[in-house]
Amino acid sequence: MSATVTGDQPTPSGAKQGLFRRLWHRFGHLVHELGKFGAVGGVAFVIDLALFNLLVYVLGVEQLAGKTIATVVAATVAFVGNRFWTWRHRERSSMAREYSLYFFFNAVGLGIALACLAVSHYGLGSVWPAVFKTPLADNISANLVGVAMASTFRFWSYRRFVFVGRAAPDAPDVVTKSD
């Protein structure tokens, strides 16, 4: 083997594969959880987005109230998906505990999304109403920026505080085996 520009010996491809396997072994379960959380969140996002727009722009509900109602409905759907699919391999505590914590952290996430919407619609909208008091600006601030920030917080908090503990002994394995 020839040396590299830095004088080091090149890494054999097997070592790179070994590193990838070690990383996958260590973080593969997190990738699976994140993927499932994203899928459940995608369904909840569509519900949230559609309901928000229906309430605000068809039924005339005020923006913050419409976002709150849409988020509560979407969060209920997401709770079921996350409890029974995303983190089904986790040990169960009481449904009341999980549900209460889930909705507490969802309320914090809702606060994050509402803050984004309020800053855009009421704060920036008072300066540039033609730009920031529009359906497009409301959707970008509430449903893109706000939901992205809130979802990051929610994934961390659900994983850390709501669906905690070791896997139940009869839970299915979530790490796939590689070749």
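The protein chain has five helices and zero strands in its secondary structure, where helices (H or I, at least four residues) and strands (E, at least two) are DSSP runs numbered from the N terminus. This is a predicted model, in which local features need pLDDT of at least 70, side-chain atom pairs count only at pLDDT 80 or more, and totals for chains, interfaces and linings use all residues. Residues are numbered from 1 along each chain as its sequence is written, and side-chain values use heavy atoms, with hydrogens and water left out.

**Exercise 1. State the order of elements along the protein chain and the share of buried residues.**

Solution. Read along the sequence, the pattern is α-α-α-α-α. The protein chain has 179 residues, of which 31% are buried. Buried means under 20% relative accessible area, exposed over 50%, and partly exposed in between (1.4 Å probe, protein chains only).

**Exercise 2. Describe how helix H3 packs on helix H5.**

Solution. Two packed helices are described by the angle between their axes and the distance between the axes.

Step 1. H3 covers residues 95-127 and H5 covers residues 135-162; their axes are 8 Å apart, at an angle of about 155°. Axes are lines fitted to C-alpha atoms, for helices over the stretch in contact, and angles run from 0 to 180 degrees between N-to-C directions.

Step 2. That angle makes H3 roughly antiparallel to H5. The classes are roughly parallel under 35 degrees, roughly antiparallel over 145, roughly perpendicular from 65 to 115, and oblique for the rest.

Step 3. The crossing of H3 past H5 is right-handed, that is, the near helix is turned clockwise from the far one by less than a right angle (anticlockwise would be left-handed).

Step 4. The contact of H3 with H5 has 18 nonpolar, seven polar and four charged residues. Here Ala, Val, Leu, Ile, Met, Phe, Trp, Tyr, Cys and Pro count as nonpolar, Asp, Glu, Lys and Arg as charged, and the others, Gly among them, as polar.

**Exercise 3. Give the packing values for helix H2 and H3.**

Solution. H2 (residues 63-86) packs with H3 at an angle of about 145°, and their axes are 9 Å apart. H2 also passes H3 in a right-handed crossing. The contact of H2 with H3 is made up of 16 nonpolar, seven polar and three charged residues.

**Exercise 4. Check the spans of H3 and H5 against 1.5 Å a residue, and locate a bend in each helix.**

Solution. Step 1. The expected span of a helix is 1.5 Å times one less than its number of residues. For the 33 residues of H3 this should be 48 Å, and the end C-alpha atoms are 46 Å apart, which agrees. Even so, H3 has a kink of about 30° centred on Val119.

Step 2. H5 spans only 34 Å between its end C-alpha atoms, whereas a straight helix of 28 residues would span 40 Å. A bend of about 35° lies at Val147 in H5. The bend at a residue is the angle between axes fitted to the seven residues ending there and the seven starting there.

**Exercise 5. Which residue is 129 residues from Arg159 in sequence and 10.0 Å from Arg159 in space, C-alpha to C-alpha?**

Solution. Step 1. Arg159 lies in helix H5 and is partly exposed, with a relative accessible area of 24%.

Step 2. The residue is Leu30.

**Exercise 6. Give the C-alpha separation of Leu51 and Gly66, and of Tyr122 and Phe132.**

Solution. Step 1. Leu51, in helix H1 (residues 13-58), is partly exposed at 21% relative accessibility. Its C-alpha atom is 7.9 Å from that of Gly66, 15 residues apart in sequence.

Step 2. Tyr122 belongs to H3 and is partly exposed, with a relative accessible area of 35%. The C-alpha atoms of Tyr122 and Phe132 are separated by 8.2 Å, at 10 residues apart along the chain.
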